[in-house]
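This report introduces one protein model to a reader who has not met it before. Please keep the sequence and the structure in view while reading.

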Amino acid sequence: MKKDYIDIQDFSAEELETLIELTGVVKRASKARALPDLLYKRSIAMIFEEPSTRTRTSFEVAMTLLGGHGLYMRPGDIHLGRREIIADTSRVLSSMCDGIVIRALHHKDILEMAKHSAVPVINAMGDMNHPAQALCDAFTMFEKVGKIKGVNLAFVGDSSKEMAAVCRDLMRISSKLGINFYLASPREYQAEEEFLKQIRMNAKLSGSKIVTTEEPREAVSQADFIYTDEWTWYDLDEDEVKKRLEAFMPKYQINSKLMKAAPAHCKFMHCLPAMRGTEVTDEVMDSEQSIVFDEAENRLYAEEALLVAFIGKGVALSAVERGRKESEYVEEIGRILKKLL
């Protein structure tokens, strides 16, 4: 039975820890140029309704390094939800490809794709969450400090339902894994109580501490990692951008003054792209405390792990087995071709 990677909430702490462990193994293999081609001759459909640098690149490169092929489909390339309903697109793609990676404008479209797909579907971000980024971030923190449970993560910025997919998935994975999460958001951009209720239920099981405040200095005072994301997005109108900047600037900006309010060992994280000079200053982005580019590189290894776990599980063949099976078909195809010559 196929299993999708759509929502962090669908996975246990043990499953998420296993994915983090797998990410570490495939990273070591990749660095040694020894990653096995576990997805040999397999293909994934990569549907992107929004622009992407890290997500698109990491999935496509990961698929290539694993011996397969990633087929990039941008808006207008296919009839998704326009001249063809999503269900029909899903059925067609899953009959030709071994998996579907989708970045959609609406989470409901990702769910609809998965509902009708015969192959695994991986969520590459929607308007509600970004589970691929969350896995990468959890792995990055583990890599830097050698543990997960008990790590202190402070997020300073937007946590509202409208534009905080990364923050909210960080809260989900943190509350599942026992990471202490300190959230600082302006009141009007604070996560709603219904969402926080689920996070606290997770935290009760894992032992993580969840703290919400309007004061950034309070949130970062014990932080091992400080994280932020953009406050505005390219499709917002001028009035909304102005409103948001007035709410966040300068109190919630990650600058050297705020970093000094955190422990000296604290590292800075950002999912990127970053609006330098807005939610974070150049001084912090380019400092020795910044690990944003290590984090970005780790997207590749997290995607390799996801592809192996959800598309490659149970289908990898050893080189010997593969060669034997290929030889059988080469002989059969050869006999048929002789009839055409």
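## Contacts and the nonpolar cores

In what follows, two residues are in contact when they have heavy atoms within 4.5 Å. The model described here is predicted. By that criterion, and leaving aside its neighbours within four places in sequence, Leu 306 is in contact with Tyr 5, Leu 19, Phe 59, Ile 122, Ala 132, Leu 135 and Ile 311.

Leu 306 is also one of the residues with the most contacts inside the largest nonpolar core, a set of 62 residues. The others named in this respect are Tyr 5, Met 171, Leu 177 and Leu 307. Helix H12 supplies the largest share of this core, namely nine residues. Another core, of 26 residues, lies apart from it and includes Leu 258, Ala 261, Phe 268 and Leu 272.

## The parallel sheet

Five strands make up an open sheet, and their order across it is S7-S6-S5-S8-S9. The pairing in this sheet is parallel. Strands S7 (210-213) and S9 (267-270) each have a single partner strand, so they stand at the edges, with one side of each left without a neighbour in the sheet. On average, neighbouring strands are turned by 20° against each other, direction ignored.

In general, the strands of a sheet pair through backbone hydrogen bonds, in either a parallel or an antiparallel manner. Here, strand S8 (residues 225-228) and S9 run parallel and are joined by four bridges. Within S9, Met 269 is the residue that stands opposite Tyr 227.

## Helices on the sheet

Which strands does helix H5 lie across? Helix H5, formed by residues 131-145, lies across strand S5 (152-156), S8 and S9. The direction of H5 is at about 155° to that of S8.

Helix H12 (residues 292-312) likewise packs on the sheet, where it touches S8 and S9. The direction of H12 makes about 45° with that of S9.

## A buried acidic residue

Glu 230 belongs to the loop between S8 and H9. This residue is buried, yet it has no salt bridge. The nearest side chain of opposite charge is that of Arg 54, 7.7 Å away; a salt bridge would require a side-chain nitrogen of Lys or Arg within 4 Å of a carboxyl oxygen.

Setting aside neighbours within four places in sequence, Glu 230 is in contact with Met 163, His 270, Pro 273, Met 275 and Glu 279. One of these, Pro 273, is taken up again below for its peptide bond.

## Particular features of the backbone

Where does the chain contain cis peptide bonds before Pro 250 and Pro 273? Pro 250 lies in the loop between helix H9 (238-248) and helix H10 (256-259), and the bond leading to it from Met 249 is cis, with omega near 0°. Pro 273 lies in the loop between S9 and helix H11 (282-285). The bond from Leu 272 to Pro 273 is cis as well, with omega near 5°.

The loop between helix H1 (13-31) and strand S1 (43-48) contains Arg 33, and Lys 41 is found between H1 and S1 too. Arg 33 has a positive phi of about 55° although it is not a glycine. Lys 41, also a residue other than glycine, has a positive phi near 60°. Are these side chains buried or exposed? Arg 33 is exposed, with a relative accessible area of 77%, and Lys 41 is exposed with 62%.

How values were computed. Residues are numbered from 1 along each chain as its sequence is written. This is a predicted model: local features need pLDDT of at least 70, side-chain atom pairs count only at pLDDT 80 or more; totals for chains, interfaces and linings use all residues. Side-chain values use heavy atoms; hydrogens and water are left out. Two strands pair if DSSP finds at least two bridges between them. Helices (H or I, at least four residues) and strands (E, at least two) are DSSP runs, numbered from the N terminus. Axes are lines fitted to C-alpha atoms, for helices over the stretch in contact, and angles run from 0 to 180 degrees between N-to-C directions. Buried means under 20% relative accessible area, exposed over 50%, partly exposed in between (1.4 Å probe, protein chains only). A nonpolar core is a set of buried Ala, Val, Leu, Ile, Met, Phe, Trp, Tyr and Cys residues joined through side-chain atoms within 4.5 Å. Lys and Arg count as positive and Asp and Glu as negative; His and the chain ends are not counted.
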